[in-house]
Amino acid sequence: MRRALELAHTAQRDGEVPVGAVIVLDGVVVGEGWNQPIGAHDPTAHAEIVAIREAARRLGQWRLTDHTLVVTLEPCTMCAGALVLARVARLVFGAYDPKAGAVASLFDVVRDARLNHRVDVRGGIREAECGDLLREFFADR
């Protein structure tokens, strides 16, 4: 989560919503990203999507089984769907997102029994720190 928070600060410096994400396999970061939809002119450039794309590219495969995604904010529906499609094994997130969270707050996309893959989830890791970063960002706006 430490590295994901560093990446969230990168997003904040770029004027983006401060969310950072890393993909880890056996303790090694294989992909990382931060929110970039404004700068990239791409509404899909959320931290999780950027990290998944980088990991898949680096590994030469789209299936990220046995991988863990660590992100500072509970994923939205788009990112939760991407976790399922990429077959990510585990999700660790910081702050809950009561307005758009699709893992615990509004929906539970990643553990829906109707889908062909389910993700193990652990939320609330360094929740206060992750949440404070977001609250401060929006208060400044």
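Q: Does H41 count as buried or exposed, and why?
A: In this predicted model, a residue counts as exposed when its relative accessible area is over 50%. H41 has a relative accessibility of 73%, and therefore H41 counts as exposed. As for its place in the chain, H41 lies in the loop between helix 2 (37–40) and helix 3.

Q: What is the phi of H41, and which other residue that is not a glycine has a positive phi?
A: Phi of H41 is near 55 degrees, which is a positive value in a residue other than glycine. D26, which is not a glycine either, has a positive phi of about 55 degrees. D26 is found in the loop between strand 1 and strand 2, and D26 counts as exposed because its relative accessibility is 74%.

Q: How many strands form the sheet, and in what order do they stand?
A: The general idea is that strands of a sheet pair through backbone hydrogen bonds, either parallel or antiparallel. Here five strands form an open sheet in the order 2-1-3-4-5, and the pairing is mixed. Strand 2 (28–34) and strand 5 (120–122) stand at the edges with a single partner strand each, so one side of each has no neighbour in the sheet. On average, neighbouring strands of this sheet are turned by 20 degrees against each other, if direction is ignored.

Q: In which sense do strand 3 and strand 4 pair, and which residues stand opposite each other?
A: Strand 3 (residues 68–73) and strand 4 (residues 90–95) pair in the parallel sense, over five bridges. Within this pairing, V70 stands opposite V92, while L73 has A95 as its bridge partner in strand 4. On to the next pair: strand 4 and strand 5 run parallel and are joined by three bridges, and the bridge partner of L91 in strand 5 is V121.

Q: Which helix joins strand 3 and strand 4 in a β-α-β unit, and how many residues of strand 4 are buried?
A: Strand 3, helix 4 (residues 77–85) and strand 4 make a β-α-β unit, and this unit is right-handed. To judge burial, one asks whether the relative accessible area is under 20%; five of the six residues of strand 4 are buried, and the strand is thus mostly covered.

Q: Where do helix 1 and helix 3 lie with respect to the sheet?
A: Helix 1 (residues 2–13) lies across strand 1 (20–25), strand 2 and strand 3, and runs at about 150 degrees to strand 1. Helix 3 (residues 47–59) packs on the sheet, where it touches strand 1, strand 2 and strand 3, and its direction makes about 140 degrees with that of strand 2.

Conventions: Residues numbered from 1 in each chain as written. Predicted model: local features only at pLDDT ≥ 70, side-chain atom pairs only at ≥ 80, totals over all residues. Heavy atoms only, no water. Pairing = 2+ DSSP bridges. Helix = DSSP H or I, 4+ residues; strand = E, 2+ residues; numbered from the N terminus. Axes fitted to C-alpha atoms, helices over the stretch in contact; angles between N-to-C directions. Contact = heavy atoms within 4.5 Å. Buried < 20%, exposed > 50% of the residue type's maximum accessible area, 1.4 Å probe, protein only. Right-handed = clockwise from strand over helix to strand, strands pointing away.
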